Amino acid sequence: MPSYTAPIKDMQFILHDVLKASQADIPGYDELEPDFTGAVLEEAGKISSEVLAPLNVVGDKEGCRLENGKVFTPTGFKEAFEQLKEGGWTGLDCDPEYGGQGMAYVLAIAVGEMMQSANQAFMMYPGLTHGAYSAIHAHGSDEQKATYLPKMVSCEWTGTMNLTEPHCGTDLGLMRTKAEPQDDGTYAISGQKIFISAGDHDMSENVIHLVLAKIPGGPEGIKGVSLFIVPKFIVNDDGTLGARNGVSVGSIEEKMGIHGNSTCVLNYDGATGYLIGEAHKGMRAMFTMMNEARIGVGMQGLSQAEAAYQNAVIYAKDRLQGRAVTGAQFPDKPADPLIVHPDIRRSLMDQKSFCEGARMLCLWGAELIDRSHRKNDSTALGLISLLTPVIKGFLTDEGYDMTVKAQQIYGGHGYIEEWGMSQFTRDARIAMIYEGANGVQALDLVGRKLAADGGKPMMAFIELVKTFCKENADDEAMAPFTEPLKEASKALQAAAMYFMQNGMKNPNHALAGSNDFMHLFGHVTLGLMWGYMGKAASEALKGDPADKAFYETKLATGRYYMARRLPAVATHLARIQSGADTVMALDAESF
Ligand SMILES: Cc1cc2nc3c(=O)[nH]c(=O)nc-3n(C[C@H](O)[C@H](O)[C@H](O)COP(=O)(O)OP(=O)(O)OC[C@H]3O[C@@H](n4cnc5c(N)ncnc54)[C@H](O)[C@@H]3O)c2cc1C
């Protein structure tokens, strides 16, 4: 069975050496002292490796089952969920007014990475609840907040998000679910939603569905969509649970991975719904959930890659095959371990440099969110909006690729189920699809985010790269970071310029390059993250630290990323600049 060890040292390095969290001018960050974050991460790491990770394979093998309209989760999930609730882990960064612990999002993201690495399918139950909590918190009435939030923070009640219908996932304007206004101010919700994660289960007393539906007579398309709270059990005025609402589970989907999560078809038959916010403004409210969820999903790419990588390293050190080309390294053994071979090293370095860079990006992104929420910092808000599709799309595409690389290190043993490596690949695959498929993330990046606010966030990002390169121009140790980053940033600007010059004339020129742009942007962003980490490691080494090897390893891994991964930007730029002509050359009939 695969194992998982929480990367606490690496997280502490990012939080304290790189982000210098406790000194950041963000309200609440003063409590993020190394001892405090260390204690939280240690505890979360223990739950991750001792409670959640052992259930990962159980969830994969057993899956969820539907019996007489009731959904049952795999063996052990219920008990583990109780442990999570008792430890207060479900409300780590939630509002203390509703029972949350009010901790910084950056710390919640670090904890989230560990728990997702240990068991992605399981963590989707509290994850979806957190998203629903955020939407109600941002857009609900005071009464709705008082009714639902305390129970959702504690996960006594869990949450879901209901967008997808059989005929629409991306194009939600085609939605058919109806919300008929009732005399008492509620709405009768009717329709079918499919693929609803954590749609129903046996781990909480109530499930609070957030449902998008159209009020008859409203505007056509996406502008006519409103958001409703539809509880599985109606909540009485005194907070107790009343009648069963008109929502039922039609079936549980059979799927490629995340078997431990109940992906449900939900049928709404005149169910009582309560409007959140204004009528016809549902997408705005849902986006509160989706932006947060997209960063969480980006992190799933990292978390599966990390778990797979850790096991690939163990295997590569253990499995004896062939001899090192430069001479036997373990002559007393029948063969050398896989890790001596350069091609295995390349794969492990790809994985290691991705995981550590992606971790930095997730935590830096979370800091931007904290900065924008806790300080009302509009530059931070602009940057994180720009980077959200990059974090979601790039980290999940790459994260999936990394799980495949880890699987490959096992040879045939990676393909059979016994070693557990195929689960990482199967589980990681969904993150490229849900929360807006990655192709659509790329469209969002090129079509909306790039030019948002007159292009200010994009300029702010380029400025960050320039400032970093300028500040370190005279530092020879940083040259392996600054030189490639400067070149990569030029490619990013050239691509943006190409879109500006050609996209207006023919939008196909921009959209045919959108996926490459998302990846180009992702590599430059990870390059910047490695620049920040390289600088921090190099500074730490000047103090002759006890754990010198950690910092030297960090620098070597960063140099690998800059030399071997970042040059991918040239290919992406060439593809972008070739435009749409070859992409669109064939008639549909020629396929
Ligand atoms: C396991 C699982 C869990 C899920 N959980 C939830 C959930 O909790 N709640 C929920 O509401 N939904 C959920 N979903 C649904 C998921 O979000 C959708 O499947 C996803 O948004 C894509 O929608 P679709 O499947 O209808 O694909 P389509 O919208 O039909 O898209 C098909 C493909 O075409 C591409 N495409 C679409 N439009 C364009 C365009 N204009 N330009 C270029 N390419 C385009 C897409 O990128 C995609 O690759 C889940 C799905 C799965 C499989």
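In this predicted model, an N or O atom in the side chain of Thr 170 is placed 2.5 Å from an oxygen atom of the ligand. Two further polar approaches to the ligand can be set beside that one, and the table lists them together.

| Residue | Protein atom | Ligand atom | Distance |
|---|---|---|---|
| Thr 170 | side-chain N or O | oxygen | 2.5 Å |
| Thr 164 | side-chain N or O | nitrogen | 2.7 Å |
| Gly 169 | backbone N or O | oxygen | 3.2 Å |

Taken alone, the ligand would expose 970 Å², and the protein buries 62% of that area. The elements that give two or more residues to the shell around the ligand are strand E3, residues 157-162, strand E5, residues 187-196, and helix H12, residues 438-449. The shell has 19 residues, of which Leu 163, Thr 164, Thr 170, Phe 195 and Ser 197 come nearest to the ligand. Sorted by class, the residues of the shell are 11 nonpolar, 6 polar and 2 charged.

Helix H12 also holds Lys 449, and this residue counts as buried because its relative accessibility is 12%, under the 20% limit. Leaving aside residues up to four places away in sequence, Lys 449 touches Ser 385, Leu 386, Pro 389 and Asp 444.

Two residues in loops have a backbone angle that deserves a note. Cys 155, in the loop between helix H6, residues 142-153, and strand E3, has a positive phi of about 65° although it is not a glycine. Ala 198, in the loop between strand E5 and strand E6, residues 206-214, likewise is not a glycine and has a positive phi, near 55°. Cys 155 is buried, with a relative accessible area of 2%, and Ala 198 also counts as buried, at 1% relative accessibility.

How many disulfides does the model have? The count comes to 0, and two of the cysteines illustrate how this arises. For Cys 155, the closest cysteine sulfur is that of Cys 94, and no bond is assigned because the separation of 8.5 Å is too far. For Cys 362, the closest cysteine sulfur belongs to Cys 355, and the separation of 11 Å is again too far for a bond. Cys 362 counts as buried, with a relative accessibility of 3%.

Helix H1, which spans residues 8-18, is mostly covered, since 9 of its 11 residues are buried. Among these buried residues are Ile 8, Met 11, Phe 13, Ile 14, Leu 15 and Val 18, together with Asp 10, Gln 12 and His 16. The cover over them includes helix H2 (34-62), helix H4 (105-118), helix H8 (342-375), helix H16 (514-542) and helix H17 (548-565). After helix H1 comes Lys 20, whose phi is positive, near 45°.

A last site lies in the loop between strand E11, residues 264-276, and helix H7, residues 282-318, where Ala 279 is found. Is Ala 279 buried, exposed or partly exposed? With a relative accessible area of 29%, Ala 279 is partly exposed, because this value falls between the limits of 20% and 50%. Not counting residues up to four places away in sequence, Ala 279 touches Ile 215 and Ser 226. Although Ala 279 and Ile 215 are 64 residues apart along the chain, their C-alpha atoms are separated by 7.9 Å.

Note on methods
Residues are numbered from 1 along each chain as its sequence is written. This is a predicted model: local features need pLDDT of at least 70, side-chain atom pairs count only at pLDDT 80 or more; totals for chains, interfaces and linings use all residues. Side-chain values use heavy atoms; hydrogens and water are left out. Helices (H or I, at least four residues) and strands (E, at least two) are DSSP runs, numbered from the N terminus. Buried means under 20% relative accessible area, exposed over 50%, partly exposed in between (1.4 Å probe, protein chains only). Contact means heavy atoms within 4.5 Å. A residue is near a molecule or strand if one of its heavy atoms lies within 4 Å of it. A polar contact is a pair of N or O atoms within 3.5 Å; within protein, one must be able to donate a hydrogen and the other to accept it, and residues adjacent in sequence count only if both atoms are side-chain atoms. Accessible areas come from the Shrake-Rupley method with a 1.4 Å probe; for residues, only the protein chains shown count as cover. Ala, Val, Leu, Ile, Met, Phe, Trp, Tyr, Cys and Pro count as nonpolar, Asp, Glu, Lys and Arg as charged, and the others, Gly among them, as polar. A disulfide is a pair of cysteine sulfur atoms within 2.5 Å.
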